[in-house]
Structure formats: structure tokens, C-alpha cells
Amino acid sequence: MTTSSENPFAVVTGASSGIGYELARQLAEHGHDLLIIAEDEGIEEAATDLRRDGRNQVVAVRADLADRAGVEQAWAAIEATGRPIDALALNAGRGIGGAFVGGTDLADELNIIDVNVTSTVHLAKLALPGMVARGKGRVLITSSIASMMPGTYQLVYNASKSFTQSFAEGLRAELKDTGVTVTALMPGPTDTNFFHRAEMDDTRVGAGQKDDPAQVAEQGIRALLEGKEKVLAGSVKTRAQAVASKVMPDSAKAEMHRKMAEPGSAN
């Protein structure tokens, strides 16, 4: 961003498509200039789309957040704008489906941890000191309703989201009275490329009905700007299922997840 702007400044990770793109679009509609980050070339197209009305400055950064150097590259681009962060959406994430023994590859599972967990912690560690020093800022961390249940046939993804949920809630408590709020966004199955990339097209959840990412993002950004603790996002049905799962024993939730995520369950 080489020109001056009085707009607030927002950073969104995983913003080339899906929920991340919609989060960026919502922030733009709320008057924010943007720096958006993703590993794929679609981030440039997303930036072009977000610039169309000319009201917002948008910088696209192509960086692989699964790699520490990629996180540092993204942070260098943020610092190069010379602008303080008003809103930070740590949304980048991925998953993989299949049996932990004999089904999934270790490389995929470690990559999930690197993207979902390590990059979230890394970028938060870099960004939050400045926000706290200024005494203002909003942070959104994309968790999932998957954080609430054992992830049978999706083990590492669910475990990573349990981490991000706990991280968001604990971080919020630590930052109480600093002027910086942390909000956890907890969507259910959403109509993005997530399940295809996770090789879960043949599962019940992968083939089933999903929520609109625009709806999820609108609910998330509203909660972010209001400084809320968390939001169960998506359709009424998804939110009701998430609330109901709170009273279920873990063994029952693990079996329920098996039925949704077991390979071939869509047939």
C-alpha cells in the first residue's frame, strides 16, 4: 500500500477462496483496506475482485504459511505497509480425511498442524504486541464446531481445531482490559473446497448439504466487530447441532463423527 488511506487496516489469511475470501469481502464492505494472504495463485484473483469498487486498497501476498519462512514473508509484507493492524483474521487452515493407521500420510498431518496451529500462533505472536501497545484491535481466529468432538477419520484436523479454540479463548482472557478482543469463529460444514482438498468427497459430510461461506463470514465479522467471545456460525440447523453436541458424551460424538467422515460413507 503506497498511498495514504484513512480506512482501518485488516489482514486476512487463507483468503483466496471460501470463508477467508468472504471474511475479506465483509471487512472491505465495512470500510477496511486489506492485506490478504494465501499459498495459491488464486490470491491475486481474489485481490482483483476485492479492488473492483475502488473504495479499498488491497495487497495480495502469496506465501505458504505451513513454512516458518512463509510466515515471516507474510509478516514482512504487513510491516512494509507501515500500517497498524486494526483487524486480524487468522483463518488459514486445511484438513485431511482417512484412517490414521493405514490411511493418511504423516506429511499431510504435519502440514495440517503447521498451517492450522503453528502459523496461527506465529502470526499472533508477531501481530499482537503492536495491537496491545496501541490499546486497540480485533482478532478473529477460525476454529470449527469440529473442535467440540473427537475427529474419527479426521483426527488431526479436529485436534488442531481444539487447539485453536482453546488458544483463542485463553488469549482473549489474557488480553482482557487491553483494548484488544479475540473472537473464535466456529463454522460447521461449509460449501468450500475444503472437503475436496481433504480427499473427503466420498464421505457423508463431504457429499452432504453445507452452509454458505458468505453467511458464515457475515456472522463472523459481525461478532468480530462487536468484540464477542465466539460465534457458532452457519445455518440454524448447524448451530442447533453444535449446541446439542455440548451435552453428548465424547464416545457418542466420536461415533457420530465416524458416520459422517468414514471413507465411503456417502455411498
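# Exercises on a predicted model

Y153 is placed in the loop between β5 and α5. The model is predicted, and the exercises below work through it element by element.

## Exercise 1. Backbone angles

Task: State what sign phi has at Y153 and at E199, and locate E199.

Solution. Start with the general expectation: most residues other than glycine have a negative phi. Y153 is a residue other than glycine, and its phi is positive, near 65°. E199 is not a glycine either, and its phi is positive at about 60°. As to location, E199 belongs to the loop between α6 and α7. E199 is also exposed, because its relative accessible area is 58% and the cut-off for exposed is over 50%.

## Exercise 2. Length and surroundings of helix α5

Task: Compare the expected span of helix α5 with the distance between its end C-alpha atoms, then find which elements cover its buried residues.

Solution. Helix α5 runs over residues 155-174, which is 20 residues. At 1.5 Å a residue, the helix should span 28 Å. Its end C-alpha atoms are 29 Å apart, so the two values agree.

Next, list the buried residues of α5: V156, Y157, N158, S160, K161, T164, Q165, A168 and L171. The cover over these residues includes the helices α4 (106-134), α6 (194-197) and α10 (250-261). It also includes the strands β5 (137-142), β6 (180-187) and β7 (230-233).

## Exercise 3. The protein as a whole

Task: Decide how the radius of gyration of the protein compares with the globule rule.

Solution. First count the elements: the protein has ten helices and seven strands. Its radius of gyration is 18 Å, close to the 18 Å given by the globule rule for 267 residues, so the protein is as compact as a globular protein of that length. The C-alpha trace spans about 55 × 40 × 30 Å along the principal axes.

Then look at burial and contacts. Of the 267 residues, 52% are buried. Among contacts with a separation of 6 or more, 69% are between residues 24 or more positions apart. The exposed surface comes to about 12300 Å², and carbon and sulfur atoms supply 51% of it.

## Exercise 4. Salt bridges

Task: Describe the salt bridges R197 to E39, R134 to D86 and D250 to K253 by distance, place and accessibility.

Solution. Side chains of opposite charge can pair when their charged atoms come close. The count of salt bridges is twelve.

1. R197 and E39 form a salt bridge with an N to O distance of 3.3 Å. This pair links distant parts of the chain, with R197 in helix α6 and E39 in the loop between β2 (33-38) and α2, 158 residues apart. R197 is partly exposed at 43% relative accessible area, and E39 is partly exposed at 41%.
2. R134 and D86 form a salt bridge at 4.0 Å, N to O. This pair also links distant parts of the chain: R134 is in helix α4, and D86 is in the loop between α3 (68-80) and β4 (87-90), 48 residues apart. R134 is partly exposed at 33%. D86 has 19% relative accessibility and so counts as buried, the cut-off being under 20%.
3. D250 and K253 form a salt bridge in which the closest N and O atoms are 3.5 Å apart. Both residues lie in helix α10, three residues apart, about one turn of the helix. D250 is partly exposed at 48%, while K253 is buried at 6%.

Finally, one set of residues forms a network of salt bridges: E22, R25 and E29.

## Exercise 5. Two loop residues

Task: For D211 and R55, say whether each is buried or exposed, and list the residues each one touches.

Solution. D211 sits in the loop between α7 (204-207) and α8 (213-226). D211 is buried and has no salt bridge. The nearest side chain of opposite charge is R239, 7.2 Å away, and a salt bridge needs the atoms to be within 4 Å. Not counting residues up to four places away in sequence, D211 touches P189, T190, D191, V216, A233, G234, S235 and T238.

R55 sits in the loop between α2 (42-50) and β3 (58-62). R55 has a relative accessible area of 55%, so R55 is exposed. Apart from neighbours within four places in sequence, R55 is in contact with N7 and D33. The C-alpha atoms of R55 and V115 are separated by 31 Å, and these residues are 60 apart along the chain.

Conventions:
Residues numbered from 1 in each chain as written. Predicted model: local features only at pLDDT ≥ 70, side-chain atom pairs only at ≥ 80, totals over all residues. Heavy atoms only, no water. Helix = DSSP H or I, 4+ residues; strand = E, 2+ residues; numbered from the N terminus. Expected span 1.5 Å × (residues − 1). Buried < 20%, exposed > 50% of the residue type's maximum accessible area, 1.4 Å probe, protein only. Contact = heavy atoms within 4.5 Å. Lys, Arg positive; Asp, Glu negative; His and termini not counted. Rg over C-alpha atoms; globule rule 2.2 N^0.38 Å. Areas by Shrake-Rupley, 256 points an atom, 1.4 Å probe, with all protein chains shown as cover.
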